[in-house]
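Colleague: I have the sequence and the model open side by side, and I would like a close look at one part of the interior. Could you take me through a single helix and whatever surrounds it, and tell me how far the prediction can be trusted elsewhere?

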Amino acid sequence: MRSLPKLFAVGAIVAVTAASCTAGTAETPLATRSASPQPIPKGLQKLDHLIFIVQENRSFDHYFGTYPGAEGIPTNPDGSFAPCVPDKYQDGICVAPYRSDSIDHDGGPHNHVAALTDVNGGAMDGFIQALHPAPHKCPIEPTGVQCDDYLGPDGQPDVMSTVGRSVIPNYWAYADRFTLLDRLFAPTDSWTLPAHLFLVSAWSATCPDVTDPMSCRTDIDLKGKEYRWDYGEDPVYAWTDVTWLLDRAGVTWRYFVGDTTCWEPPCGRHSDNWEGTAYSKNPLPGFTSFGRERDSYVDNIPPVSDYLTAAADGTLPSVTWIVPGSINSEHPSGPGTVLDGMAYVTELINAAMQGPDWDSTAVFLTWDDWGGFYDHVLPPRVDDMGYGLRVPGLVISPYAKPGAVNHTTLSFDSFLRLIEDRFLGGQRLDPATDGRPDARPLVREATAGNLQRAFDFAQEPLPPLVLDPWPLGHPEAP
């Protein structure tokens, strides 16, 4: 098996205005909180390490639409796929999803407007309508791959594709051994940056006054560059992120990024630094509540090779987030392939399983948004911000229910709820009780689906499942 040189380098409105809030101080001493810590729920204390791996831009139906027992793509009695999506490129006929064995995909637009088009008022049939005007164009044509390779048997664009075990065998193997989540929805019907803001703060907003968290107002598009943090810039997200609570409770955490992530622009997918992590997947330095000087980023947002070391020597923090560099992200249209991403993720999970902390660890693997790919499940509307379209999710742990498909409605808010229940005594990102008021319109974690249902803490702990990162062979092998 080859080493992984590309993986680690070394080793329904566009912007929703929140309800007006009474102005308050930007920060209240911790001692004035009104919430009382709650006991750690029974069984949950067995988990000392929570790891969240967040890849990019795949829908549930695209990766697990044919997985047995899951809420996959509906079929006809003869086994063919039942949905029929209008194809604007083929004189208005409709086409069904199709099975694909490709490792390269185009995907489609995945912003708020595209989400509304895809959902189409609940019909879930706008996925081709949302595509670019020119028929079947490849935004980036990978070397040696023709645009026709992205089309289905009836000429469908690859947003209608579903890949199975033959393409992503390791992901299906994790589902076989551990727990698959088939009702995990992106936190908002928009793109990568808002999803990652929700991941660490349960909100996406713009803040006209970066010194005043009460000035922030919901924004799930973040089109204005002045309201988006980027490398080399001062923070612009004035509301509170969960690391503020973790620090005050003395809970260890790290947010691992690509080894070659730069701290001055340009960085990531829209630069030559394909192995670095783009700003849209690394928003923590953009929070005023993060409260760190740039020189200390290395202590809190270290390279992913540091994660491998920590996993091996038993020094994993209590909470770990891992976001990829662009080449390993599985982002449609490149620069890497599905196989690059799966190999990278497998290395991360292998490291957790082979280290001394495995017996007290839970790994949560997901994708930040749907990437324009077809999914047949209508997202529930929990508020004006979302949920977004369904994404794949896996719970990998000695205490995950083995071979189970969990049907609980979940989102990234559920990740925060689990962190808060395990390490913060149930304290939420609640302006009324968390000691740092902001203008968020609601406390999402309070009503989020409970991830604890994916576990059986009374079962005999499951052993590790160490997999070959390249089960299909290295794509550069002779």
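Modeller: Confidence comes first, and pLDDT is the predictor's confidence in each residue, from 0 to 100. On that scale residues 1-34 stay under 50, although the model has 88 contacts beyond four places in sequence for them. Residues 137-146 likewise stay under 50, with 15 contacts beyond four places in sequence. This is a predicted model, and the protein as a whole averages a pLDDT of 87, with 85% of the residues scoring at least 70.

The part I would choose is helix α5, which spans residues 192-201 and is mostly covered, since 10 of its 10 residues are buried. Going along the helix, the buried residues are T192, L193, P194, A195, H196, L197, F198, L199, V200 and S201. What do the buried residues of α5 pack against? Their partners are strands β1, β9 and β10 together with helices α6 (242-248) and α10 (412-423). Just after α5 comes A202, a residue whose phi is positive, near 65°.

Among those partners, the three strands are themselves joined through β10. Strand β1, residues 49-55, pairs with β10 in the parallel sense over four bridges, and strand β9, residues 253-256, also runs parallel to β10 and is joined to it by four bridges. W321 of β10 is a useful landmark here, as F52 stands opposite W321 and Y255 stands opposite W321 as well. Strand β10 covers residues 319-322, and its side chains alternate: V319 and W321 point one way, T320 and I322 point the other way, and all are buried.

On the side of α10, the residue to look at is F412, which has its place in that helix. Why does F412 count as buried? The reason is its relative accessibility of 0%, because buried means under 20% relative accessible area. Leaving aside residues up to four places away in sequence, F412 touches A195 and L199, as well as F185, P187, T366, W367 and D368. A195 and L199 are among the buried residues of α5, and these two contacts with F412 put named residues to the packing of α5 against α10. T366, another of the residues that F412 touches, lies 46 residues from F412 along the chain, while their C-alpha atoms are separated by 9.4 Å.

Note on methods. Residues numbered from 1 in each chain as written. Predicted model: local features only at pLDDT ≥ 70, side-chain atom pairs only at ≥ 80, totals over all residues. Heavy atoms only, no water. Buried < 20%, exposed > 50% of the residue type's maximum accessible area, 1.4 Å probe, protein only. Helix = DSSP H or I, 4+ residues; strand = E, 2+ residues; numbered from the N terminus. Pairing = 2+ DSSP bridges. Contact = heavy atoms within 4.5 Å.
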